[in-house]
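Student: Got a minute to go through this one with me? I'd like to talk about helix packing and empty space.

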Amino acid sequence: ANVASTIADSPDHEVLETMVGAAGLVDTLTGAGLFTVFAPTDTAIDAVEDGLKAKLNSGDAQWTPLLQEVLKYHVLEKTDAAVKAADLRLVATDFETLANDVLTIRST
């Protein structure tokens, strides 16, 4: 299975599935590569401020770049191995997101 189909099969990620499609990221998440997605549930997305949520879910092309950027911050790609929970237990671990930014995870 790929990430896009896993999201599509989850009853807790219906809004995310719609957003991934609207952002044009389905092909990316079904393509070659190993991805780790910090997938917000429908409940988490519901907690986003109403004005921003409305813009991101509007389907309006002017908001597509912002939607893509937000979603790409939730995706890590590793070509050598998928991110595993064991990777996250290190003192500090840096991962590059699909948004080309570094996500640093520090254990406490």
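Student: Okay, is the crossing where helix 2 passes helix 6 left-handed or right-handed?

Tutor: Helix 2 passes helix 6 in a left-handed crossing. Keep in mind that this is a predicted model.

Student: Which residues make that contact?

Tutor: From helix 2 you have L16, M19, V20 and A22, and from helix 6 there are T64, L67 and L71. By class, that contact of helix 2 with helix 6 has six nonpolar residues, one polar and no charged ones.

Student: And at what angle do helix 2 and helix 6 pack?

Tutor: The angle is about 125 degrees, and the axes are 9 Å apart. Helix 2 therefore counts as oblique to helix 6.

Student: Switching to empty space. How many cavities of 30 Å³ or more does a search of the whole structure find?

Tutor: The search finds one. The largest cavity has a volume of about 60 Å³.

Student: What lines the largest cavity?

Tutor: Its lining is I7, L16, V20, L25, L29, V37, P40, L71, H74 and V75. L16, V20 and L71 also belong to the contact between helix 2 and helix 6.

Student: How does the lining of the largest cavity divide by class?

Tutor: Nine of the residues are nonpolar, one is polar and none is charged.

Student: Now pockets. How much space lies in the largest pocket?

Tutor: About 160 Å³. Of the 13 residues lining the largest pocket, M19, I45, V48, L56 and V70 are the closest to its centre.

Student: Which helices each supply at least two residues of that pocket's lining?

Tutor: Those are helix 2 (14-22), helix 4 (42-46), helix 5 (50-56) and helix 6 (64-72).

Student: Where does the largest share of the lining come from?

Tutor: Helix 5, which gives three residues to the lining of the largest pocket.

Student: And what's the class make-up of the pocket lining?

Tutor: For the largest pocket, ten of the lining residues are nonpolar, two are polar and one is charged.

Conventions:
Residues numbered from 1 in each chain as written. Predicted model: local features only at pLDDT ≥ 70, side-chain atom pairs only at ≥ 80, totals over all residues. Heavy atoms only, no water. 1 Å grid on protein atoms, 1.4 Å probe; cavity = no way out; pocket = protein on both sides within 12 Å on 5 of 7 lines; lining within 4 Å. Points joined across faces, edges and corners; volume = space filled by probe spheres on them. Helix = DSSP H or I, 4+ residues; strand = E, 2+ residues; numbered from the N terminus. Nonpolar A, V, L, I, M, F, W, Y, C, P; charged D, E, K, R; others polar. Axes fitted to C-alpha atoms, helices over the stretch in contact; angles between N-to-C directions. Parallel < 35°, antiparallel > 145°, perpendicular 65-115°, else oblique. Left-handed = near helix turned anticlockwise from the far one by under 90°. Contact = heavy atoms within 4.5 Å.
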